[in-house]
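Welcome, and thanks for taking a look at this one with us. Here is a short briefing to read alongside the coordinates.

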Amino acid sequence: MQYYLFSFICLFLSCASQGRPTGGPIDSFGPKIIASTPTINSTLSSEGKIIIIFDELINPISVVNAINIFPENKFSYRVIGKKIVIEPKKKWIDSNVIKIKLSRKISDYQNNFMTHPVELFYFNSELI
């Protein structure tokens, strides 16, 4: 019986690697925009939402004062993983161009900020 118990303990303790996992490379780069829906420089419907997709998870706290829209319009936003969803409270104000400025203060969970601010342009009129 002791022989079986000794073999079982030796087999059980030798199966896994002992020690801490090594992890990966240190994340020292901030999030980058990889896509948006609708695409940049396209026509935006009056009540349509804008989805901006990043290459890594976004820290929701960093987005609080990082979005500006010109002409000034009341909007709401949600951060869902790698996405920021922006929608108007009622509808987008009638103007030819809507400019969305994302501040450099948007960061990932390691507090790496974007390298530069981003401006996105959408058209609110079929004439352009």
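Let us begin with one side chain: Glu119 has a relative accessibility of 38%, so Glu119 counts as partly exposed. Glu119 forms a salt bridge with Lys99, and their closest N and O atoms lie 3.6 Å apart. Please keep in mind that this is a predicted model. The points below move from the salt bridges to the overall make-up, then to the two sheets, and end with a loop residue.

**Salt bridges**

- The count of salt bridges comes to two.
- The pair of Glu119 and Lys99 links distant parts of the chain, since Glu119 sits in strand 7 and Lys99 in strand 6, 20 residues apart.
- Lys99 is partly exposed because its relative accessibility is 23%, where the partly exposed class lies between 20% and 50%.
- Glu87 and Arg78 also meet through their side chains in a salt bridge, with an N to O distance of 3.6 Å.
- Glu87 has a relative accessible area of 24%, so Glu87 is partly exposed.
- Arg78 is partly exposed as well, because its relative accessible area is 38%.

**Overall make-up**

- The protein has one helix and seven strands.
- Read from the N terminus, the order of elements is α-β-β-β-β-β-β-β.
- The protein holds 128 residues, and 29% of them are buried.
- How much of the contact set with a separation of 6 or more comes from residues 24 or more positions apart? Such residues account for 61% of those contacts.
- About 9200 Å² of the protein is exposed, and carbon and sulfur atoms supply 60% of that area.

**The four-stranded sheet**

- Four strands make up an open sheet in the order 1-2-5-4, with antiparallel pairing.
- Which strands sit at the edges of this sheet? They are strand 1 (33–37) and strand 4 (75–80), and each of them pairs on one side only.
- From one strand to the next, the twist of this sheet averages 15 degrees.
- Strand 1 pairs with strand 2 (residues 50–54) in the antiparallel sense, over four bridges.
- Within that pairing, Ser36 stands opposite Ile52 of strand 2, and Ala35 stands opposite Ile53 of strand 2.
- Strand 2 is also joined to strand 5 (residues 83–88) by four bridges, and these two strands run antiparallel.
- Ile52 has Ile84 as its bridge partner in strand 5. Ile52 thus has a place in both pairings, facing Ser36 on one hand and Ile84 on the other.
- In a regular strand, side chains alternate between the two faces of the sheet.
- Strand 2 has a covered face with Ile50, Ile52 and Phe54, and an uncovered face with Ile51 and Ile53.

**The three-stranded sheet**

- Three strands form an open sheet in the order 3-6-7, and here the pairing is antiparallel.
- Strand 3 (67–70) and strand 7 are the edge strands with a single partner strand each, so one side of each has no neighbour in the sheet.
- The twist in this sheet averages 20 degrees from one strand to the next.
- Strand 3 and strand 6 run antiparallel and are joined by four bridges.
- Phe70 has Lys99 of strand 6 as its bridge partner. Lys99 therefore turns up in two roles, as the bridge partner of Phe70 and as the salt-bridge partner of Glu119.

**A buried loop residue**

- Asn112 lies in the loop between strand 6 (97–102) and strand 7 (118–123).
- Is Asn112 buried or exposed? Asn112 counts as buried because its relative accessibility is 13%, and the buried class covers values under 20%.
- The side chain of Asn112 reaches the backbone oxygen of Asp27 at 2.9 Å.
- Neighbours within four places in sequence aside, Asn112 is in contact with Asp27, Ser28, Phe29, Gly30 and Pro31, and also with Ile106 and Ser107.

How values were computed: Residues are numbered from 1 along each chain as its sequence is written. This is a predicted model: local features need pLDDT of at least 70, side-chain atom pairs count only at pLDDT 80 or more; totals for chains, interfaces and linings use all residues. Side-chain values use heavy atoms; hydrogens and water are left out. Two strands pair if DSSP finds at least two bridges between them. Axes are lines fitted to C-alpha atoms, for helices over the stretch in contact, and angles run from 0 to 180 degrees between N-to-C directions. Buried means under 20% relative accessible area, exposed over 50%, partly exposed in between (1.4 Å probe, protein chains only). A polar contact is a pair of N or O atoms within 3.5 Å; within protein, one must be able to donate a hydrogen and the other to accept it, and residues adjacent in sequence count only if both atoms are side-chain atoms. Contact means heavy atoms within 4.5 Å. A salt bridge is a side-chain nitrogen of Lys or Arg within 4 Å of a carboxyl oxygen of Asp or Glu. Accessible areas come from the Shrake-Rupley method with a 1.4 Å probe; for residues, only the protein chains shown count as cover.
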